[in-house]
Amino acid sequence: PKRIGVLTSGGDAPGMNPAVRAVVRYGISKGCEIYGIYEGYQGLVDGGNFIKKMDWKSVRGWLAVGGTSIGTARCMPFKTREGRLQAACNLVKNGIDSLVVCGGDGSLTGADVFRSEWSGLLDELLATDRITQDEATKYNYLTIVGLVGSIDNDMSSTDITIGAVTCLHRICESVDSIGTTASSHSRAFVVEVMGRHCGWLALMAGIATGADFVFIPERPPGDDWETTICNVAHRHRELGKRKTVIIVAEGAIDSSLKPIKAEQIKDILTDRLGLDTRVTTLGHTQRGGSPSAFDRILATVQGVAAVDAVLRSTPEMPSPMIGMSNNQVTCKPLMKAVKLTHEVAKAIGEKNFARAMELRDPQFAE
Ligand code: F6P
């Protein structure tokens, strides 16, 4: 039988547990043995008790649980060759031939580097007597399948990442709550949301809550944006609105790539319009809590697809990434998706914002 290791890596995202549950249960139903690798890549490097065989009951009740119950970490040792050598040794000693990794672009890139180095790592382990010739022959290739778990929805080649919709719900609930207190006092609020260098959460939250203005990294505002936001807020007030809500992505920038910060916007609204303004940084409340029905389902169907991809894999095939496109589960080359994701950052760095927006989401490019 295939022996599949499953791990979660990078920032946790609601839906990671349902993803692991699906890999465990569907894998078992297909005759595979499934191993939970605890604490992300750190568990792979440390081995021992961090690698545990999972059974049907190991994941009972996990659909509704937020975060990741097998733990996650942003692991430095795995970024070194020595760390990856140790990780390879642990996989071979546990008889694991495939890995399903649920994480963001950094975590998935790490997985693919590991796979590309695999035969060199085995040679070194054999040369230093850490594995036997039989083991080196038996584990001559490693299958990697990526599941994209990230609240940021910043990965190219997939419409949506596991956790993003739950996070968006959480933001909307918070902005709605802010709305009632804002209206009561006729106040303005600047709400900072997560997303790293991606504006998806901010943009969607702006649409879903009817915010007055949204700042995102992919489309910086015009040069005199201070005047623009004042005009917009003023116009909306004249129409009878008793609140002003501005959503700012944590990675928002102006057209010269300088960060735009919530406090700065607050000062503008206060000084120029005399609005009583507060800043709310939603922080990690956005990332925690139970996954939405959408994320539970997305993670489940993608977890199933990940096991199928493992079972179909051959040494010649590039590592696949399970995604979603036009409501269909997709299986695309992982490194191509990572490359496109990095191209967004490059386009922003070159001030080619139209290209960044197009790469991010053609629907919003115009
Ligand atoms: O990538 C997920 C994310 O929540 C980002 O939106 C945010 O920038 C970052 O992780 C926060 O990281 P940490 O939890 O390490 O503070």
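**Around the ligand and its pocket**

Me: How far is a backbone N or O atom of Gly195 from an oxygen atom of the ligand?
Reply: Keep in mind that this is a predicted model. N and O atoms within 3.5 Å make a polar contact, so the Gly195 pair passes that cut-off. The Gly195 atom belongs to the backbone, and its distance to the ligand oxygen is 3.0 Å.

Me: Which residue has an N or O side-chain atom 3.3 Å from an oxygen atom of the ligand?
Reply: Two arginines come up here. Arg74 puts a polar side-chain atom 3.0 Å from a ligand oxygen, so that's not the value we're after. The one with the 3.3 Å distance is Arg196.

Me: How much of the ligand's exposed area does the protein bury?
Reply: Start with the ligand on its own: it exposes 400 Å². Put the protein back, and the share of that area it buries is 73%.

Me: Which class gives five residues to the shell around the ligand?
Reply: The shell includes Arg74, Asp152, Arg196, Glu250 and Arg287. Its other members are Ile151, Met194, Gly195 and His284. Sorted by class, two are nonpolar and two are polar, while the five are charged.

Me: What is the volume of the pocket where the ligand sits?
Reply: The ligand sits in the largest pocket. Arg74 and Arg196 are among the residues nearest the centre of that pocket, along with Gly104, Asp105 and Gly106. The volume of this largest pocket is about 920 Å³.

Me: Which elements give two or more residues to the lining of the largest pocket?
Reply: The lining is made up of 42 residues. By class, 15 are nonpolar, 15 are polar and twelve are charged. The elements that supply two or more of the lining residues are α4 (105–127) and α11 (334–349).

Me: What is the volume of the largest cavity?
Reply: The structure has one cavity of 30 Å³ or more. Arg115, Tyr141 and Leu142 are among the residues lining the largest cavity, and that lining has six nonpolar, four polar and one charged residues. The cavity's volume is about 50 Å³.

How values were computed
Residues are numbered from 1 along each chain as its sequence is written. This is a predicted model: local features need pLDDT of at least 70, side-chain atom pairs count only at pLDDT 80 or more; totals for chains, interfaces and linings use all residues. Side-chain values use heavy atoms; hydrogens and water are left out. A residue is near a molecule or strand if one of its heavy atoms lies within 4 Å of it. A polar contact is a pair of N or O atoms within 3.5 Å; within protein, one must be able to donate a hydrogen and the other to accept it, and residues adjacent in sequence count only if both atoms are side-chain atoms. Accessible areas come from the Shrake-Rupley method with a 1.4 Å probe; for residues, only the protein chains shown count as cover. On a 1 Å grid over the protein atoms alone, a cavity is a set of points where a 1.4 Å probe fits but cannot get out, and a pocket is an open set with protein on both sides within 12 Å along at least five of seven lines; lining residues have an atom within 4 Å of a point. A molecule sits in a cavity or pocket if more than half of its atoms lie within 2 Å of its grid points. Ala, Val, Leu, Ile, Met, Phe, Trp, Tyr, Cys and Pro count as nonpolar, Asp, Glu, Lys and Arg as charged, and the others, Gly among them, as polar. Grid points are joined across faces, edges and corners, and a volume is the space filled by probe spheres set on the points. Helices (H or I, at least four residues) and strands (E, at least two) are DSSP runs, numbered from the N terminus.
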